[in-house]
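Look at the sequence and the model together. A short report on the fold and the ligand site goes with them.

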Amino acid sequence: MLRKIFNPARLSRFQRTMVTVSSSDALVSTEVDDKTGYATVTLNRAPVNSLSLELMTEIVKTVDELERSNIRGMVLTSFSNKVFCAGLDIMEMVNPDLDRLRAVWTRLQDTWASLYGTSFPTVALINGHAPAGGCLLALCCEYRVMCNNFNIGLNETQLGLAVPPWLQGTMRQTIGTREAEIHCIKGTMFNSQDALKIGLVDELAAENGEAMQRALHYLNTFKQMSPYARSATKLLMRNKDIEDMKRGRKEDVERFVENVMNSDFQNGLTVYLQSLKNRKNK
Ligand SMILES: CCCC/C=C/CC(=O)SCCNC(=O)CCNC(=O)[C@H](O)C(C)(C)COP(=O)(O)OP(=O)(O)OC[C@H]1O[C@@H](n2cnc3c(N)ncnc32)[C@H](O)[C@@H]1OP(=O)(O)O
């Protein structure tokens with residue numbers, strides 16, 4: 001069943017006026033260019049945009065608001081020119097409260113579903129490292145432009161976490177079944193050049209300005225196209241994955257909780273956090 005397809009009623013709103021949507025919460029800021037109708041959504045959670053429950057809630061809220069507005073495209077980027085998003089907030093997994101842990105994974109599922117299933121075109125402007133959940137955000141977008149000299153990948157298994165089936169599917173669609181299997185299992189992190197070679201990103205840019213030009217160029221390719229046909233085709237391709245995730249979501253949450261509460265995982269997390277701090281102090 002189609003979750004949402006471009007509603008022709010929106011077309012008349014499109015033609016009349018452009019609404020500027022802005023988030024009052026500082027964790028995510030949104031700017032809409034009234035001339036083009038393109039929204040730039042910037043993740044603002046210093047220092048590394050790690051995905052706390054609150055940040056993911058803001059992302060979902062922002063995408064929902066944009067879906068109800070009349071934008072023609074979205075660029076997702078980071079306030080930092082060093083880290084796009086460092087993945088799930090590791091602190092959410094250290095000796096967690098179980099209800100909150102369940103809420104975190106449920107919100108991650110929602111974040112994936114809402115970004116993956118937008119009716120408007122989306123580009124990730126990856127202006128920094130994008131491990132794990134950072135790679136997930138980029139994968140949800142239709143197109144990925146990455147600045148040079150950063151790393152991206154689903155490194156969850158390196159941390160002792162299983163990659164959920166819905167995210168495996170997105171990776172398969174992006175880089176192909178064989179490569180996705182190998183690199184999800186290995187937890188490979190790719191540098192920008194290798195990410196381009198394997199198809200994990202679509203274009204590279206020397207710096208942010210060039211990346212934005214390339215992102216806008218992608219959005220401009222739809223200027224003359226029927227928004228209905230574009231949106232319907234995308235969602236006919238993606239909606240089944242979203243419905244499948246929703247059907248299995250409770251089981252998926254419990255699998256994550258079991259994974260995180262395992263004492264080996266908790267011990268490994270302590271070592272991993274320490275290794276991040278040691279790396280910093282070198
Ligand atoms: C498969 C299911 C899909 C979703 C599931 C996802 C699971 C995850 O996402 S688990 C998280 C995976 N993320 C990582 O492994 C990234 C870890 N971080 C890094 O590799 C580096 O921090 C960086 C390359 C992202 C950035 O390096 P940089 O040198 O710029 O900054 P740092 O000094 O390392 O970090 C600054 C500060 O931020 C803390 N931090 C980093 N990442 C996280 C994080 N994911 N959660 C919470 N906090 C994080 C880091 O410890 C530093 O804190 P202090 O200043 O207090 O030392």
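The report covers the sheet, the helix packing, the ligand shell and two backbone details.

This is a predicted model.

**The sheet**

Six strands build an open sheet, ordered β1-β2-β3-β4-β6-β9, with mixed pairing. Its edges are β1 (28–32) and β9 (203–205), each of which pairs on one side only. From one strand to the next, the twist averages 20 degrees.

Both edges can be followed to their partners. At one, β1 pairs with strand β2 (residues 38–43) in the antiparallel sense, over five bridges. Val 32 has Ala 39 in β2 as its bridge partner. The hairpin of β1 and β2 has five residues between the strands, and Gly 37 there takes a positive phi near 80 degrees. At the other edge, β9 pairs with strand β6 (residues 143–147) in the parallel sense, over three bridges. Here Met 146 stands opposite Leu 204 in β9.

**Helix packing**

Helix α3 (residues 98–116) packs with helix α2 (residues 53–68) and also with α4. The table sets out the two contacts.

| Helix pair | Axis separation | Angle | Residue classes in the contact |
|---|---|---|---|
| α2 and α3 | within 9 Å | roughly 30 degrees | nine nonpolar, three polar, four charged |
| α3 and α4 | 8 Å | about 25 degrees | seven nonpolar, one polar, no charged |

Why are α2 and α3 called roughly parallel? Their axes cross at roughly 30 degrees, and angles under 35 degrees count as roughly parallel. α2 and α3 are therefore roughly parallel to each other. Their crossing is left-handed. On the α2 side, the contact includes Leu 53, Met 56, Ile 59, Val 60, Val 63 and Asp 64. These and others meet α3 residues, among them Arg 100, Ala 103, Val 104, Arg 107, Leu 108 and Asp 110.

The reasoning carries over to the other pair. α3 and α4 pack at about 25 degrees, so they too are roughly parallel to each other. Leu 108, Trp 112, Leu 115 and Tyr 116 in α3 meet Gly 133, Leu 136, Leu 137 and Cys 140 in α4. Leu 108 and Leu 115 of α3 take part in both contacts. No charged residue belongs to the contact of α3 with α4, whereas the contact of α2 with α3 has four.

**The ligand shell**

Which residues come nearest to the ligand? Of the 28 around it, they are Ser 50, Gly 87, Leu 88, Ala 132 and Gly 133. By class, the shell holds 18 nonpolar, five polar and five charged residues. Three elements give two or more residues to it: α4 (133–140), α5 (156–159) and α12 (263–281). α12 gives the most, with three residues. Gly 133 has two roles: it is among the nearest to the ligand, and it lies in the contact of α4 with α3.

**Backbone details**

Most residues other than glycine have a negative phi, and most peptide bonds are trans. Two places in this model depart from that pattern.

Ala 132 is not a glycine, yet it has a positive phi of about 50 degrees. Ala 132 sits in the loop between β5 (130–131) and α4. It is also one of the residues nearest to the ligand.

The peptide bond from Ala 46 to Pro 47 is cis, with omega near 5 degrees. Pro 47 is placed in the loop between β2 and α2.

Conventions:
Residues are numbered from 1 along each chain as its sequence is written. This is a predicted model: local features need pLDDT of at least 70, side-chain atom pairs count only at pLDDT 80 or more; totals for chains, interfaces and linings use all residues. Axes are lines fitted to C-alpha atoms, for helices over the stretch in contact, and angles run from 0 to 180 degrees between N-to-C directions. Angles under 35 degrees count as roughly parallel, over 145 as roughly antiparallel, 65 to 115 as roughly perpendicular and the rest as oblique. A crossing is left-handed if the near helix is turned anticlockwise from the far one by less than a right angle, and right-handed if clockwise. Two residues are in contact if their C-beta atoms, placed from the backbone, lie within 7 Å. Ala, Val, Leu, Ile, Met, Phe, Trp, Tyr, Cys and Pro count as nonpolar, Asp, Glu, Lys and Arg as charged, and the others, Gly among them, as polar. Two strands pair if DSSP finds at least two bridges between them. A residue is near a molecule or strand if its C-beta atom, placed from the backbone, lies within 6 Å of it.
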